[in-house]
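Work through the exercises below with the coordinates open. Each task is followed by a stepwise solution.

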Amino acid sequence: MISLGQQAAASSRRGRLLVLAILAFVPGILHTALAAGAGLSKDDQTCLACHGEAGMQKSMAEGEKLSLHIVGKDFAGSVHNAVGCSGCHAEVDLAKHPAPGKKQQTLREFSIAKVEACRSCHEDKFKLFDASIHASLLRSGNPMAPLCSDCHSPHAVRAKAAASGPIDQVPCRSCHSAVFKAYAQSVHGLARAKDASGGAPICADCHRSHDVTAASSGNQIKEACLGCHFNALQQHKSWLPNAAHHFEAVSCPACHAPMAPRRVDLKLYDSSARERVAEKLGVPRFESRAKLADSKGQGLDALALQSLLKQFNSENGEADTVLRGRLEVDGGPEAHMLTTKDRAVKDCKTCHREGAAPFQKVSISIVGPDGRALRHGAQQDVLQAPTSVDSVRGFYAIGGTRIKLLDLLLVLALASGVAVPIGHLTLKWLAKKYLPKSDTAAVARTDTPNSQETEK
Ligand code: HEC
Ligand code: HEC
Ligand code: HEC
Ligand code: HEC
Ligand code: HEC
Ligand code: HEC
Ligand code: HEC
Ligand code: HEC
Ligand code: HEC
């Protein structure tokens, strides 16, 4: 039986002979024809005389099987036809090949070694990749971290295929299958499946392809949304007071994935450095401190949260670690279940009423060593505790006991149309008026006059 690769090699050899006959004296044109993928070079055909054989394989030292079969037809149609096998396998010397050589232990080791071949021609992509979460996972030895060759099948890279193919061929799918499933059913996935050139985003449009960072870090994703939906702020302003502030305190999916469960994430934030507090490499503090403060393992209560903050503050010598709240969807796949605008959360009461569902789950987070958030659960009532007015700075308008305050603010805001300044000032005033002098004393009594009085 003759293998696919041999067929391809044979037929392209015939094709090349013809081309050779015509172009024998015009090497420049011949080179261009080959670079455009017209066929395979003679050297490559030599390699494929063996490697075109289906079923060819070898064993790694630990027993895994490495398939050595390369499909000539795919390679002939790939962008790398022009550079030839030797473009990436310069180490193969036919005079000595196949040499028994020293065996690599595992397939993974083999892949990691081979992918270095890409560097000589695509140094720029390595630079981007090196700063990604994937590269950081790779450096830490995570066997699932993607290499160039996991996203670009090295013997079949087609022009622009990674960006413009059918959605189910997106390279991210194989490892993030749950996210892909959610995405495929989203307003973007459906639109993209119908028309790949219609402008609806796929993974890399929101996350980038090489410099992928942790999803919860920074504002990149929001900026990606607003890069395409550049009118969004204006459009939301028409019905949502202080829309810019909502865009800060509520993630886009929290309203646009209406069925997804939500949580309030209180992020440790360094107010003098103006950035989120990050775990220092090699000095894990957060998890041990959170566990210690949360002795019963039921989630941090207001007192424990305050003592956790104190530990971070005593470290810096200044009380500049605060909490910044954000309403988000609870779960990775769920963040992708974006629907059409008519189904988005519009009713203010979904969030602005007592016991509002989105505010029933609370987490505290810090930026972990690879950029992903480390989270610890907190009890729901940390949002209402009077101490939180100070520590949960800029996030007071939360469903729960103090919500009556917000109702008052809403009336003021809607009536006057000047939500922000009045809202903040009024709240500060109310907080001062009702908060006892000593925060600690107030926390010790969870049923503070503040929450009781304002609620009734
Ligand atoms: C005569 C047949 C033959 C030819 C021609 C040949 N190979 Fe191989 N190749 C083999 C065999 C057999 C192995 C498995 C060797 C082993 O078991 O370690 C192999 C292994 C390989 C490997 C895996 C390397 C490794 O570290 O195990 C690569 C890559 C490779 N060949 C590339 C090429 C390239 C590129 C060419 C053309 C320049 C080529 N081969 C030509 C037979 C051949
Ligand atoms: C764009 C770079 C590139 C080109 C061009 C290229 N290879 Fe490879 N090749 C690789 C990489 C990277 C791997 C390691 C893949 C992995 O992780 O298993 C590899 C692996 C192999 C292997 C081991 C089997 C495997 O799939 O891992 C063989 C055999 C091989 N190449 C032969 C060839 C032949 C024959 C050609 C030309 C027809 C060729 N290669 C062209 C990059 C290339
Ligand atoms: C996690 C998956 C992933 C990994 C890992 C990855 N890429 Fe890509 N790459 C993509 C996607 C998706 C695209 C298409 C979208 C785009 O252009 O950004 C792409 C596009 C490209 C392009 C063409 C884009 C251009 O600007 O011309 C090159 C070249 C490339 N990658 C090389 C590499 C190299 C080299 C590595 C290893 C350092 C690598 N890629 C690692 C997903 C990946
Ligand atoms: C010897 C140089 C060379 C090496 C080594 C090399 N490439 Fe390329 N690569 C090219 C050339 C040339 C192109 C075509 C550039 C273009 O069309 O702009 C290309 C294009 C690409 C593209 C872009 C396809 C598109 O979307 O147009 C990707 C992806 C890619 N290479 C990935 C890789 C990966 C992965 C490796 C390592 C396995 C690798 N390359 C190794 C020369 C190389
Ligand atoms: C070979 C497997 C693999 C491929 C392919 C892959 N990833 Fe990943 N990715 C991982 C692993 C493993 C992690 C870390 C664990 C996790 O979050 O699932 C990760 C993490 C991430 C994260 C950070 C998650 C967080 O918690 O913040 C993002 C974002 C991401 N990948 C996006 C992508 C995109 C976009 C693509 C395609 C361009 C892609 N990945 C392709 C394996 C892969
Ligand atoms: C408080 C909830 C909420 C938040 C937060 C929110 N949206 Fe919306 N969004 C809506 C609602 C409700 C609509 C439908 C408004 C209407 O009735 O026209 C909408 C409409 C849209 C539309 C369609 C606009 C049009 O009129 O065609 C886009 C696009 C959009 N949002 C993007 C975003 C992006 C991007 C973000 C994050 C930066 C975001 N939204 C944050 C609730 C929200
Ligand atoms: C429309 C923009 C958009 C597209 C398209 C998109 N994502 Fe996301 N992705 C997000 C947002 C928003 C989040 C949540 C960010 C946060 O935590 O605030 C997220 C989170 C993630 C996470 C982290 C999940 C976790 O466990 O926390 C991964 C992994 C991820 N996306 C991978 C992908 C992959 C793979 C695709 C393609 C199938 C994709 N994304 C498509 C916007 C997008
Ligand atoms: C690459 C550009 C691009 C990016 C990035 C992008 N979108 Fe979209 N979005 C589109 C396009 C195009 C459509 C229209 C799809 C269709 O044809 O139905 C759309 C549709 C929507 C809709 C439905 C609007 C309606 O009229 O019902 C919402 C909501 C939305 N996007 C929100 C977001 C959010 C939130 C993000 C970020 C997490 C985001 N988009 C990122 C291009 C983008
Ligand atoms: C998905 C939940 C959600 C929805 C829906 C929502 N909000 Fe909000 N809103 C919030 C959160 C969270 C804050 C907290 C902002 C902060 O204090 O940081 C907030 C803050 C506010 C503030 C105070 C802003 C400030 O800076 O002082 C006003 C006023 C407000 N919302 C009015 C409304 C109105 C009116 C609607 C309906 C048209 C609405 N919100 C819909 C979640 C929501």
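Buried means under 20% relative accessible area, exposed means over 50%, and partly exposed lies in between. The model is predicted.

**Exercise 1.** Classify Lys 222 and Glu 248 by accessibility, and state what their salt bridge connects.

Solution.
1. Lys 222 has a relative accessible area of 18%, so this residue is buried.
2. Glu 248 has a value of 44% and is therefore partly exposed.
3. The side chains of Lys 222 and Glu 248 form a salt bridge, with N to O at 3.2 Å.
4. Lys 222 belongs to helix H14 and Glu 248 to helix H16 (residues 243-249), so the salt bridge ties together parts 26 residues apart in sequence.

**Exercise 2.** Apply the same classes to Arg 208 and Asp 211, which meet in a salt bridge.

Solution.
1. The N to O distance of this salt bridge is 2.9 Å.
2. Arg 208, at 49% relative accessibility, counts as partly exposed.
3. Asp 211, at 19%, is buried.
4. For contrast, take Glu 279 and Arg 285, whose closest N and O atoms are 3.4 Å apart in a salt bridge; both of these residues are buried.
5. Shared partners join further salt bridges into one network, whose members include Arg 263, Asp 265 and Lys 267.
6. The structure holds 19 salt bridges.

**Exercise 3.** Determine the geometry at the iron atom of ligand 8.

Solution.
1. The iron atom is coordinated at 2.0 Å by NE2 of His 188 and NE2 of His 229.
2. Six octahedral donors have ideal angles of 90 or 180 degrees.
3. The six donor atoms around the iron atom of ligand 8 subtend angles of 86 to 179°, so the arrangement is octahedral.
4. His 188 sits in helix H12 (residues 187-194), while His 229 sits in the loop between helix H14 (220-228) and helix H15 (232-237), 41 residues apart.
5. His 229 is partly exposed, because its relative accessibility is 46%.

**Exercise 4.** Describe the surroundings of ligand 6: which residues come nearest, and which helix gives the most?

Solution.
1. Of the 15 residues around ligand 6, those that come nearest are His 236, Cys 252, Cys 255, His 256 and Lys 346.
2. Helix H17 gives the most, with three residues.
3. By type, the shell contains eight nonpolar, four polar and three charged residues.
4. A polar side-chain atom of His 256 is 2.7 Å from a nitrogen atom of ligand 6.
5. A polar side-chain atom of Lys 346 is 2.8 Å from an oxygen atom of ligand 6.

How values were computed. Residues are numbered from 1 along each chain as its sequence is written. Chains are lettered from A and ligands numbered from 1 in the order in which they are written. This is a predicted model: local features need pLDDT of at least 70, side-chain atom pairs count only at pLDDT 80 or more; totals for chains, interfaces and linings use all residues. Side-chain values use heavy atoms; hydrogens and water are left out. Donors are N, O and S atoms within 2.8 Å of the metal (3.2 Å for Na, K and Ca); water is not among the atoms, so sites may look incomplete. Four donors count as tetrahedral if all angles lie between 85 and 135 degrees; four count as square planar and six as octahedral if opposite donors are over 155 degrees apart and all others between 65 and 115; anything else is irregular. Helices (H or I, at least four residues) and strands (E, at least two) are DSSP runs, numbered from the N terminus. Buried means under 20% relative accessible area, exposed over 50%, partly exposed in between (1.4 Å probe, protein chains only). A residue is near a molecule or strand if one of its heavy atoms lies within 4 Å of it. A polar contact is a pair of N or O atoms within 3.5 Å; within protein, one must be able to donate a hydrogen and the other to accept it, and residues adjacent in sequence count only if both atoms are side-chain atoms. Ala, Val, Leu, Ile, Met, Phe, Trp, Tyr, Cys and Pro count as nonpolar, Asp, Glu, Lys and Arg as charged, and the others, Gly among them, as polar. A salt bridge is a side-chain nitrogen of Lys or Arg within 4 Å of a carboxyl oxygen of Asp or Glu.
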